Amino acid sequence: MPSYDSSLQEIKDRIDIVDLISDYVSLKKTGQNWKGLCPFHAEKTPSFTVSPAKQIFHCFGCGTGGDIFTFLVNHDNLTFPEALNMLAKKAGVTLQRSEKSVAKKGEKEILLTIHIDALNFFQQHLPKDIRAQSYLEERGISRDVQKIFSMGYAPKSWNALLN
Ligand SMILES: [Zn+2]
């Protein structure tokens, strides 16, 4: 699984969220933050807040919030890879080849792959667990049925899948 954490951080370091959102929303400085009319819901009093310190936005009216990527995804109706490409260009950050292919592949496919990996992981653990097997046996669920329905077993650990 290629990681684009470093590029994401580099893009975030180079693009100020106030600058970016100012291109779309008229913002006014109030104390530490900037405020404006929310582009995601109709309002007459500004509840859309941008924090330069945290580099995030949040709307107290509709609850929308996030970082520069989330903003573009929501505002321009982009996919995450599209927003990534756009902001990388704007920031002058060159994405690594693996990152480019990830961006091209699309978030949907990546998520699908992750789910298949998770399914395989849980399925591999089912035959290994004696208690799970005897439980299923008691209920008359044979190995064949387990396979047909892609049944799996989650080991008693909060991070087994992640590891
Ligand atoms: Zn809003």
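These are my notebook entries on the zinc site and the salt bridges of this structure, which is a predicted model.

**Entry 1: the zinc ion**

I began with the metal and looked up its donor atoms: the zinc ion is coordinated by SG of Cys38, ND1 of His41, SG of Cys59 and SG of Cys62, at 2.1 to 2.3 Å. I then checked the geometry, and the angles among the four donor atoms run from 105 to 120 degrees, so the site counts as tetrahedral, given that the criterion asks for all angles between 85 and 135 degrees. For reference I noted that the ideal angle for four tetrahedral donors is 109.5 degrees.

Along the sequence, I found the donor residues spaced as C-x2-H-x17-C-x2-C. His41 and Cys62 link distant parts of the chain, 21 residues apart, with His41 in the loop between strand S2 (33-36) and strand S3 (48-51), and Cys62 in the loop between strand S4 (56-59) and strand S5 (65-66). I also looked up how accessible these two donors are: His41 has a relative accessible area of 24% and is partly exposed, and Cys62, at 35%, is likewise classed as partly exposed.

**Entry 2: salt bridges**

Turning to charged side chains, I found three salt bridges in the structure.

The pair Glu10 and Arg14 comes together at 2.9 Å, N to O, and both residues lie in helix H1 (residues 5-14), four residues apart, about one turn of the helix. Glu10 is partly exposed at 33% relative accessible area, and Arg14 is partly exposed at 47%.

Helix H1 also takes part in a salt bridge between Lys12 and Asp67, whose side chains meet at 3.1 Å, N to O. This pair links distant parts of the chain, 55 residues apart, since Asp67 sits in the loop between S5 and helix H3 (68-75) while Lys12 belongs to helix H1. I recorded Asp67 as buried because its relative accessible area is 16%, under the 20% limit, whereas Lys12, at 30%, is partly exposed.

For Lys90 and Asp23, the closest N and O atoms are 3.6 Å apart, which still qualifies because the cut-off is 4 Å. Lys90 lies in helix H4 (residues 80-91) and Asp23 in the loop between helix H2 (17-22) and strand S1 (28-30), so this salt bridge ties together parts that are 67 residues apart in sequence. Asp23 is exposed, with a relative accessibility of 55%.

Note on methods:
Residues numbered from 1 in each chain as written. Predicted model: local features only at pLDDT ≥ 70, side-chain atom pairs only at ≥ 80, totals over all residues. Heavy atoms only, no water. Donors = N, O, S within 2.8 Å, 3.2 Å for Na, K, Ca; no water. Tetrahedral: all angles 85-135°; square planar, octahedral: opposite > 155°, others 65-115°. Helix = DSSP H or I, 4+ residues; strand = E, 2+ residues; numbered from the N terminus. Buried < 20%, exposed > 50% of the residue type's maximum accessible area, 1.4 Å probe, protein only.
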